[in-house]
Amino acid sequence: MEKVFLIATHNMKKRNELYRILSPLGIDVKTAEQAGVEITDVDETGETFYENAFLKAKSGCLESGMPCVADDSGLAVDYLAGAPGVYSARFSGEHGNDEKNNEKLLKLLRDVPVEERTARFVSVVCCVFPNGDVISARGECEGYIGFEGKGERGFGYDPIFMIGEKSMAELTDEEKDAISHRGNALRIISEKLKDYMSL
């Protein structure tokens, strides 16, 4: 079985996260640019993380002919009834503007006490194979929203997502992989892939 997987993202930090966890299986994860293929950016029209991850993985697989892995992830804040959820990347109205998304969230929670700021990161990872097989996994990471950004690592909401006294953006790669929503989902999918590739 081909051990080069396409990842349906241009985000090298996401690619590196997937690579760190899947490389022990002998899987090399490449972006479209690294693999020398062109894939269409898919509109994330799904209403769930799974639907969006599947849309991206299926499209990437069909266009490249390679096994394609994609994730859809986001932040669910209890005080906001699970928002921003699937709209996490475009919460501020501008897709992928981490700073504006964080600013908007902190503003909405400005007067909310710490005990009501509970939240979780959610990630669904989906892998679609050229033969039509689909493998998926969901991972979560519990925490709370801080009162200001902290740390230089990570991306997205990491600087304001707190695990105890540290933000996700203050953790090392190893610490983050051990507890993150994507790390948890990838560990599950790596076990499923191990079984799948041994068939």
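Helices (H or I, at least four residues) and strands (E, at least two) are DSSP runs, numbered from the N terminus. These element names are used in every legend below, and the model shown is a predicted one.

**Figure 1. Overall view of the protein, a predicted model with six helices and seven strands.** Read from the N terminus, the elements follow the order β-α-β-α-α-β-α-β-β-β-β-α-α. Along the principal axes, the C-alpha atoms occupy a box of roughly 55 × 30 × 25 Å. The radius of gyration is 17 Å, which agrees with the value near 16 Å that a compact globule of 199 residues would have. Of the 199 residues, 48% are buried. Among contacts between residues at least 6 apart in sequence, 58% join residues at least 24 apart.

**Figure 2. Close-up of the largest nonpolar core, a set of 20 residues.** The residues with the most contacts inside this core are Ile27, Cys127, Phe129, Ile189 and Leu193. Two or more core residues come from each of strand 1 (4-7), helix 1 (12-22), strand 4 (118-128), strand 5 (134-145) and helix 6 (181-197). Helix 6 supplies the largest share, six residues. In soluble globular proteins, nonpolar side chains tend to be buried together.

**Figure 3. Close-up of Leu193 and its contacts.** Once neighbours within four places in sequence are set aside, Leu193 is in contact with Phe5, Leu22, Leu25, Ile27, Cys127, Phe129 and Ile135. Three of these partners, Ile27, Cys127 and Phe129, are also listed with Leu193 among the residues with the most contacts inside the largest nonpolar core.

**Figure 4. Close-up of the largest pocket, with about 890 Å³ of space.** The lining comprises 37 residues, and those closest to the centre of the pocket are Asn11, Lys14, Glu44, Ala89 and His95. Helix 3 (49-64), strand 3 (68-77), helix 4 (98-108) and helix 6 each give two or more residues to the lining. Strand 3 gives the most, with six residues. By class, the lining holds 11 nonpolar, 14 polar and 12 charged residues.

**Figure 5. Close-up of Ala8, in the loop between strand 1 and helix 1.** Is Ala8 buried or exposed? Its relative accessible area is 18%, and Ala8 is therefore buried, since the cut-off for that class is under 20%. Not counting residues up to four places away in sequence, Ala8 touches Ile39, Lys56, Cys68, Val69 and Ala70. One of these partners, Val69, is 61 residues from Ala8 along the chain, yet the two C-alpha atoms are separated by 6.3 Å.

**Figure 6. Close-up of the loop between strand 3 and helix 4, which holds Ala81 and Pro84.** Two backbone features are shown here. Most residues other than glycine have a negative phi, and most peptide bonds are trans. Ala81 has a positive phi of about 55 degrees although it is not a glycine. With a relative accessible area of 75%, Ala81 is exposed, because that class begins over 50%. In the same loop, a cis peptide bond with omega of about 0 degrees joins Ala83 and Pro84.

How values were computed. Residues are numbered from 1 along each chain as its sequence is written. This is a predicted model: local features need pLDDT of at least 70, side-chain atom pairs count only at pLDDT 80 or more; totals for chains, interfaces and linings use all residues. Side-chain values use heavy atoms; hydrogens and water are left out. A nonpolar core is a set of buried Ala, Val, Leu, Ile, Met, Phe, Trp, Tyr and Cys residues joined through side-chain atoms within 4.5 Å. Buried means under 20% relative accessible area, exposed over 50%, partly exposed in between (1.4 Å probe, protein chains only). Contact means heavy atoms within 4.5 Å. On a 1 Å grid over the protein atoms alone, a cavity is a set of points where a 1.4 Å probe fits but cannot get out, and a pocket is an open set with protein on both sides within 12 Å along at least five of seven lines; lining residues have an atom within 4 Å of a point. Grid points are joined across faces, edges and corners, and a volume is the space filled by probe spheres set on the points. Ala, Val, Leu, Ile, Met, Phe, Trp, Tyr, Cys and Pro count as nonpolar, Asp, Glu, Lys and Arg as charged, and the others, Gly among them, as polar. The radius of gyration is taken over C-alpha atoms; the globule rule is 2.2 Å times the number of residues to the power 0.38.
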